[in-house]
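Trainee: I would like to learn how to read the strands of a protein model. Could we go through one together?

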Amino acid sequence: MSSYSPYWMFQKNEWAKLRANVPMTLSPIQIENVKGINEKLDIEEVSNVYLPLSRLLNLYTKASHELHSVTDRFMGQKTKQVPFIIGVAGSVAVGKSTISRIMRELLSEWDEHPSVDILTTDGFLFPNEVLEEKGIMNRKGFPESYDIKKLIDVLADLKSGRPDVEAPVYSHLTYNILPDEVQVLDQPDIVIVEGVNVLQTPKTRGADPGTYVSDFFDFSIYVDANEDDLLKWYTERFMKLRDTAFQDERSYFHNYSGLSNDEAIAMAEDIWRRINLRNLHENIQPTRNRADLILHKDRDHLIDSIMLRKA
Ligand SMILES: Nc1ncnc2c1ncn2[C@@H]1O[C@H](COP(=O)(O)OP(=O)(O)O)[C@@H](O)[C@H]1O
Ligand SMILES: CC(C)(COP(=O)(O)O)[C@@H](O)C(=O)NCCC(=O)O
């Protein structure tokens with residue numbers, strides 16, 4: 001039987017050693033900015049894992065621009081530079097938004113791509129009114145809860161170099177799309193597209209049957225972790241929200257703000273098992289092996305193994 005794997009596998013120390021070839025350190029300002037993302041972040045981890053990743057992605061962006069100019073030369077034309085798009089997939093609560101924000105901070109330091117935007121796929125959830133009408137309010141995050149056609153249209157606009165591309169915005173406070181808000185992406189150098197569904201293949205009606213969200217990606221990352229750790233992080237985040245955002249009267253979950261610790265833990269575990277864990281098994285985990293890079297986290301959010309697709 002062949003032992004061929006499409007991935008190079010790295011233990012953490014091997015990956016960190018690769019970094020030794022190119023001295024890289026975080027500047028004091030970067031440390032400050034990264035700390036602002038999440039006070040629990042381990043700065044050594046950012047240096048050892050995410051700085052080398054930013055170098056790898058910088059090399060990929062340059063290779064992609066070179067490839068574009070080769071095609072231009074062949075066609076005898078000069079096209080404009082379009083954004084390099086990175087997809088970040090993985091379970092709810094695995095840390096996709098935290099990693100995306102770290103990568104935005106690190107990637108924007110490079111002269112070649114100072115402007116980096118994050119696009120989150122929750123903005124493409126159907127509004128609650130539509131989900132209610134379809135009877136799928138308890139299916140948020142499942143493929144049918146997203147307007148994938150709209151996401152594909154936005155990605156197509158970005159990849160065709162259009163200025164001022166507008167994307168809808170989701171609020172975790174109101175648990176709904178904000179009807180009067182849009183995010184404007186004005187020809188950024190890099191876009192990080194982050195969400196549970198970004199490596200999924202089209203099942204949704206309305207989407208061009210031949211087009212996948214990932215067709216627009218130049219590089220993709222799947223963030224992986226053990227299920228008991230995911231439940232722990234989901235519950236911890238829920239408890240934190242109970243003490244902060246849920247206290248706000250505008251919060252969809254305001255009536256959870258008075259829950260006792262035991263009640264809140266039971267509630268978080270119930271939502272996790274009924275919705276997010278099911279979605280992980282049915283729709284998210286099966287996309288893991290479509291990613292170019294698989295980062296696996298241990299219980300302390302530290303990356304313990306890295307798999308990079310062979311070119
Ligand atoms: N590297 C990290 N170090 C410490 N805590 C983290 C790290 N990444 C994520 N977390 C915590 O784990 C929880 C889930 O992270 P988040 O980025 O919101 O996940 P996602 O976007 O995948 O739902 C949050 O409470 C966040 O503070
Ligand atoms: C909004 C989400 C589906 C995540 O979506 P994403 O940002 O990955 O597109 C998720 O955070 C969520 O709300 N899940 C529904 C169950 C819950 O309240 O956790």
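Mentor: Let us begin with a term: two strands pair if DSSP finds at least two bridges between them. Please keep in mind that this is a predicted model. Here strand 7 (residues 219–225) and strand 8 (residues 293–297) run parallel and are joined by 5 bridges, with D224 standing opposite H296 in strand 8.

Trainee: In what order do the strands of the open sheet lie?

Mentor: Strands of a sheet pair through backbone hydrogen bonds, either parallel or antiparallel. In this model, an open sheet of 7 strands follows the order 1-9-8-7-2-6-3, and its pairing is mixed. Strand 1 (7–11) and strand 3 are the edge strands, each pairing on one side only.

Trainee: Which strands pair with strand 6?

Mentor: Strand 2 (residues 84–90) pairs with strand 6 in the parallel sense over 5 bridges, and there V88 has E194 as its bridge partner. Strand 3 (residues 116–120) also runs parallel to strand 6, joined by 5 bridges, and I118 has I192 as its bridge partner.

Trainee: Which residues of strand 6 point one way, and which the other way?

Mentor: In a regular strand the side chains alternate between the two faces of the sheet. In strand 6, I190, I192 and E194 point one way, whereas V191 and V193 point the other way, and all are buried.

Trainee: Which helix lies across strand 6?

Mentor: Helix 3 (residues 43–75) lies across strand 2, strand 6, strand 7 and strand 9 (303–309), and it runs at about 140° to strand 2.

Note on methods: Residues are numbered from 1 along each chain as its sequence is written. Chains are lettered from A and ligands numbered from 1 in the order in which they are written. This is a predicted model: local features need pLDDT of at least 70, side-chain atom pairs count only at pLDDT 80 or more; totals for chains, interfaces and linings use all residues. A residue is buried if 20 or more other C-beta atoms lie within 10 Å of its own, exposed if 12 or fewer, and partly exposed in between; C-beta atoms are placed from the backbone. Helices (H or I, at least four residues) and strands (E, at least two) are DSSP runs, numbered from the N terminus. Two residues are in contact if their C-beta atoms, placed from the backbone, lie within 7 Å. Axes are lines fitted to C-alpha atoms, for helices over the stretch in contact, and angles run from 0 to 180 degrees between N-to-C directions.
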